[in-house]
Amino acid sequence: MNILITGGAGFIGSHLADRLIQSGKNVIIIDNLVTGLKENVNKSAIFYKMDVRSLNLKKIFQNHEIDTVFHFAAQIDIRKSLSEIEYEIDVNVKGSVNLIVNAAKYGAKEIYFASTGGAVYGDQLEYPASEDHPIEPLSPYGIDKFTIEKYLACFKKIYNFKYSVFRFSNVYGPRQNPQSEAGVVSIFVHRMLKDKKINIYGDGNQTRDFIYVSDAVDAMMKIFETKKHGTYNVCTQTETSVNEIFKVLAPELHYERVPIMLELRPGELLRSCLSYKKIGKAVNWKPSVDIKRGLKKTADWYRENFK
Ligand SMILES: NC(=O)c1ccc[n+]([C@@H]2O[C@H](COP(=O)([O-])OP(=O)(O)OC[C@H]3O[C@@H](n4cnc5c(N)ncnc54)[C@H](O)[C@@H]3O)[C@@H](O)[C@H]2O)c1
């Protein structure tokens with residue numbers, strides 16, 4: 001069985017690749033390394049430096065019989081999705097469609113897509129939000145992620161494949177790139193380790209649903225192993241504020257500066273919290289790493305590996 005992972009040199013994709021390889025699977029990774037790192041690529045994976053928009057993508061499918069695709073490659077910066085909208089659409093819509101069409105044409109049986117909870121639901125009407133929450137994206141990034149969910153639903157009827165969608169909350173942990181706007185934990189960790197100033201926008205009481213990366217990988221593996229395909233939130237159902245993140249990380253990383261409080265940026269969600277009831281019921285999954293332990297594990301890893 002050959003599994004293709006796009007974005008496998010990035011944060012979540014590289015952790016999933018490690019886990020699939022550990023369980024004996026053959027993994028092929030494509031990544032253009034725009035934010036990902038070659039050193040994140042598992043040594044047992046076959047790696048191609050390639051863009052998901054490439055016309056050469058079909059060669060990957062021609063040369064390796066791919067049964068399963070996990071699609072993580074994306075432009076992941078919500079702010080950039082507004083300021084560089086053509087690039088956003090190019091990568092997140094056209095690149096994803098290029099991938100899905102090639103996968104389907106060359107006989108892939110399963111596609112797993114990394115979508116987003118916070119960005120597709122928009123300002124929540126209920127807490128925690130279930131998968132049935134109205135879809136009201138507040139950014140091109142959210143619109144494009146949902147667009148690909150719809151392409152999958154449409155192409156599934158034309159081609160013969162099954163698919164699952166993972167609507168992640170805020171995933172954090174080792175290897176996360178601090179360039180991403182979503183990665184407040186990673187931004188704080190990197191700035192604390194370099195003893196640089198840290199900005200907090202608004203009063204810092206805005207909340208997110210932070211999930212440790214190994215829990216997100218466990219959830220994906222459960223769906224992959226049981227084949228209970230569907231659209232699932234992958235989250236912790238727990239709200240943590242930006243101030244709380246700062247308070248836990250600062251002593252861990254011996255950071256003594258006081259954060260600089262700036263005005264809330266327009267369009268920023270004040271609260272985000274998703275329900276994992278659906279995936280919990282489907283495959284008996286629940287997160288196992290609470291925020292304090294996850295932040296400590298993250299800080300420990302960066303202290304060891306920070307260059
Ligand atoms: N991290 C989160 O909190 C979060 C939350 C919701 C959804 N997601 C989604 O999960 C996926 C993985 O996110 P991540 O946090 O690991 O980000 P990441 O930036 O670490 O990983 C994305 C990878 O895709 C690669 N890539 C980008 N554009 C590409 C292109 N055109 N062709 C080939 N490769 C390309 C990058 O080099 C990188 O290695 C993304 O689709 C993201 O939208 C992440």
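Here are some friendly notes on this predicted model, taken point by point.

1. Overall build. The chain contains 11 helices and 13 strands. Its radius of gyration is 19 Å, close to the 19 Å that the globule rule gives for 307 residues, so the chain is as compact as a globular protein of that length. Measured out along the principal axes, the C-alpha trace spans about 55 × 40 × 40 Å.

2. Two domains. The domain assignment splits the chain into domain 1 (2–171 + 210–234) and domain 2 (173–208 + 238–273 + 290–305). When you colour the model, please note that domain 1 is written as two segments and domain 2 as three. The C-alpha centres of domain 1 and domain 2 are 25 Å apart.

3. How the domains meet. On the domain 1 side, 22 residues are in contact with 27 residues of domain 2. Between them, domain 1 and domain 2 bury about 2200 Å², and carbon and sulfur atoms give 55% of that area. Which residues of domain 1 lose the most area to domain 2? They are R79, F210 and Y212, which together account for 36% of what that side buries.

4. Polar links across the interface. Between domain 1 and domain 2 there are 7 residue pairs in polar contact, counting pairs with both residues at pLDDT 80 or more. The elements that give two or more residues to the side of domain 1 touching domain 2 are α1 (11–22), β7 (170–172) and β10 (210–212). Of these, α1 gives the most, with 4 residues. The residues on this side of domain 1 divide into 10 nonpolar, 8 polar and 4 charged.

5. Salt bridges. The chain has a count of 14 salt bridges. D18 lies in helix α1, and R175 in the loop between β7 and α7 (184–193), so this pair ties together parts that are 157 residues apart in sequence. The side chains of D18 and R175 meet in a salt bridge at 2.9 Å, N to O. Across the interface of domain 1 and domain 2, the number of salt bridges found is 1. As general background, side chains of opposite charge can pair when their charged atoms come close.

6. A second look at R175. This residue also deserves a glance for its backbone. What is the sign of phi at R175, positive or negative? Phi of R175 is positive, near 80°, in a residue other than glycine. R175 sits in the loop between β7 and α7. For context, most residues other than glycine have a negative phi.

7. A cis peptide bond. The bond from Y127 to P128 is cis, with omega near -5°. Where is P128? P128 has its place in the loop between α5 (118–121) and α6 (140–158). In general, most peptide bonds are trans.

How values were computed
Residues are numbered from 1 along each chain as its sequence is written. This is a predicted model: local features need pLDDT of at least 70, side-chain atom pairs count only at pLDDT 80 or more; totals for chains, interfaces and linings use all residues. Side-chain values use heavy atoms; hydrogens and water are left out. Domain bounds come from an automatic or database domain assignment. Contact means heavy atoms within 4.5 Å. Buried area is the accessible area (1.4 Å probe) that two parts lose on being put together, summed over both. A salt bridge is a side-chain nitrogen of Lys or Arg within 4 Å of a carboxyl oxygen of Asp or Glu. A polar contact is a pair of N or O atoms within 3.5 Å; within protein, one must be able to donate a hydrogen and the other to accept it, and residues adjacent in sequence count only if both atoms are side-chain atoms. Ala, Val, Leu, Ile, Met, Phe, Trp, Tyr, Cys and Pro count as nonpolar, Asp, Glu, Lys and Arg as charged, and the others, Gly among them, as polar. The radius of gyration is taken over C-alpha atoms; the globule rule is 2.2 Å times the number of residues to the power 0.38.
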